[in-house]
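Here is a short walk through one protein model. Keep the sequence and the 3D view open as you read.

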Amino acid sequence: MANDAGAVFDVVILGGGSGGYACALRAAELGMRVVLVEKGKLGGTCLHNGCIPTKALLHAGEVADQTRESEQFGVKSTFDGIDIAAVHAYKDGVISRLFKGLTGLIASRKITVVEGAGKLVSPTAVEVNGQRYEGRHVVLATGSVPKSLPGLEIDGNRVINSDHALVLDRVPQSAVVLGGGVIGVEFASAWKSFGVDVTIVEALPHLVALEDEASSKLLERAFRRRGIKFELGARFSGVEYTDAGVRVSLENGKRIEAELLLVAVGRGPVSAGLGYEEVGVAMDRGYVLVDEYCATNVPTISAVGDLIPTLQLAHVGFGEGILVAERIAGLNPVPIDYAGVPRVTYCDPEVASVGLTEAQAVERYGSDKLASISYSLGGNGKSQILKTTGQVKVVSVKDGPVVGIHMVGARMGELTSEAQLIYNWEALPAEVAQLIHPHPTQSEALGEAHLALAGKPLHVHD
């Protein structure tokens, strides 16, 4: 940490998570003098309380499932249970190595890092620990925290949020997960792999309701096979403590008893008390409002990441941080097409998508202007080797480009790199059909779907 209070920087960045540090790195690459303010650890939610630790838990769960099921592959093994302390040691080791690499990278770019809780005090200044840091531009990147429901008190013991779940010192016998979005289904998936009796409560009609409905239904079917229970279209009405844990009540009259309740109803922006409104930054429900270039209504202030009402994804924060740095440097970057950003839910099976859902495509183009195909992973050799089920669904405009790709199955997240190129480069199904995919890989499923949509199906039954 350098003490450069009193100096004038090109960019003052408040928040060192995905959006903030990406902005800092790109701005430094472009020759700007940067100060990065962070009250916790560099890397923010993604590295310490989100993406990385949850995926480590999910992988540990995958290993547990593979151990239990190894005999179906001809491998004899014995599953002796979960050593949660060792799981956390593995998880924390991953975080520690990535954190060390990030701090070294930040230092190598000669970015000034200030540790402490910063506050916006003018259109060009942030104050930290009584010291003022002036910049020609300020970037707000203060991120988000887990939300709760009105009147629902999180005690960190029987009623917990995702932060508590990541450091839980035991494997509960049972749990109710309130919320069937990304966070909820990922924890439900990991916990089921650890041997927890899990029930998801979701007020909307489907799990991961923002995904294509066909993907949601496939996930629900897979969760039923795994023994993960869920109540859909069911609104939470209350929770009370019992001798053994909690009793969760739903508006439909049902009651569910479990050892604990995980509240996974989303994340809200961190903006209260940070001086944003006092400086004149336009806000809505705690979010900072921005234009397509992540610029606020105050000319010298931009905002990125979970603080603004865009997709709450680490890679979106990276993209927004880079966009802002390049705009400040005068490079005239292209705005982000958020529909073209890959979205992955890392449960088992994974749910991955790029582009519009079929319902969104119908709303935009009309049903008579669209074509779609669903290719079952049952016809994919590598998926059969992995013993995974699911499908690849492709939606296109008739005689036009692909506008949506939706995938369910093991490792489907790895296919989103190709899927985003197809969507973002407005490829025609016939153009993708010309490409030869390596065999045997799951990427062939993406190729087969486009072959079918182009009118020349290969491994597809009528």
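In this predicted model, start with residues 9–321. An unreviewed UniProt entry places the feature "domain: FAD/NAD(P)-binding" there. The C-alpha atoms at the two ends of that span lie 17 Å apart. Helix makes up 33% of the span, and strand makes up 27%.

Now find the sheet. Five strands form an open sheet in the order 8-15-9-10-11, and their pairing is parallel. Strand 8 (159–160) and strand 11 (229–232) stand at the edges. Each of these two has a single partner strand, so one of its sides is left without a neighbour in the sheet. Strands of a sheet pair through backbone hydrogen bonds, in either a parallel or an antiparallel way.

Look at one pair in detail. Strand 9 covers residues 174–178, and strand 10 covers residues 197–202. The two run parallel and are joined by five bridges. Leu178 has Val201 of strand 10 as its bridge partner.

A helix covers part of this sheet's surroundings: helix 6, residues 182–194, packs on the sheet. Helix 6 touches strand 8, strand 9, strand 10 and strand 15 (260–263). Its direction makes about 170° with that of strand 10.

Helix 6 also has a helix partner. Helix 3 (residues 51–68) packs with helix 6 at an angle of about 35°, and their axes are 8 Å apart. The crossing of helix 3 past helix 6 is left-handed. From helix 3, the contact includes Thr54, Leu57, Leu58, Ala60 and Arg68. From helix 6, the residues in contact include Glu186, Phe187, Ala190 and Phe194.

Next, look inside. The largest nonpolar core has 49 residues. Among them, Ile106, Leu120, Leu140 and Tyr276 touch the most other members. Helix 1 (residues 18–29) gives the largest share of this core, six residues. Which residues does Tyr276 touch, leaving out those up to four places away in sequence? They are Leu14, Leu120, Leu140, Thr142, Val270, Ser271, Val281, Met283, Val288 and Leu307. A second core is separate and has 31 residues, including Leu57, Leu166, Phe187 and Trp191. Two of these names have come up before: Leu57 of helix 3 and Phe187 of helix 6 take part in the contact between those helices.

Some backbone details deserve a stop. Most residues other than glycine have a negative phi, and most peptide bonds are trans. Here are some exceptions.

Take phi. Lys110 is not a glycine, yet its phi is positive, near 60°. Lys110 sits in the loop between helix 4 (84–108) and strand 3 (112–115). Cys294 is another residue other than glycine with a positive phi, about 65°. Its loop runs between strand 18 (287–288) and strand 19 (301–303). Are these two buried or exposed? Lys110 is exposed, with a relative accessible area of 73%. Cys294 counts as buried, at 1% relative accessibility.

Then take the peptide bonds. Asp348 and Pro349 are joined by a cis peptide bond, with omega about 5°. Pro349 lies in the loop between strand 20 (343–345) and strand 21 (350–355). A cis peptide bond also joins His439 and Pro440, where omega is about -5°. The loop that holds Pro440 lies between helix 13 (429–433) and helix 14 (443–453).

Terms used: Residues numbered from 1 in each chain as written. Predicted model: local features only at pLDDT ≥ 70, side-chain atom pairs only at ≥ 80, totals over all residues. Heavy atoms only, no water. UniProt positions renumbered as here; feature names shortened; annotations may be inferred. Helix = DSSP H or I, 4+ residues; strand = E, 2+ residues; numbered from the N terminus. Pairing = 2+ DSSP bridges. Contact = heavy atoms within 4.5 Å. Axes fitted to C-alpha atoms, helices over the stretch in contact; angles between N-to-C directions. Core = buried A, V, L, I, M, F, W, Y, C linked by side-chain atoms within 4.5 Å. Buried < 20%, exposed > 50% of the residue type's maximum accessible area, 1.4 Å probe, protein only. Left-handed = near helix turned anticlockwise from the far one by under 90°.
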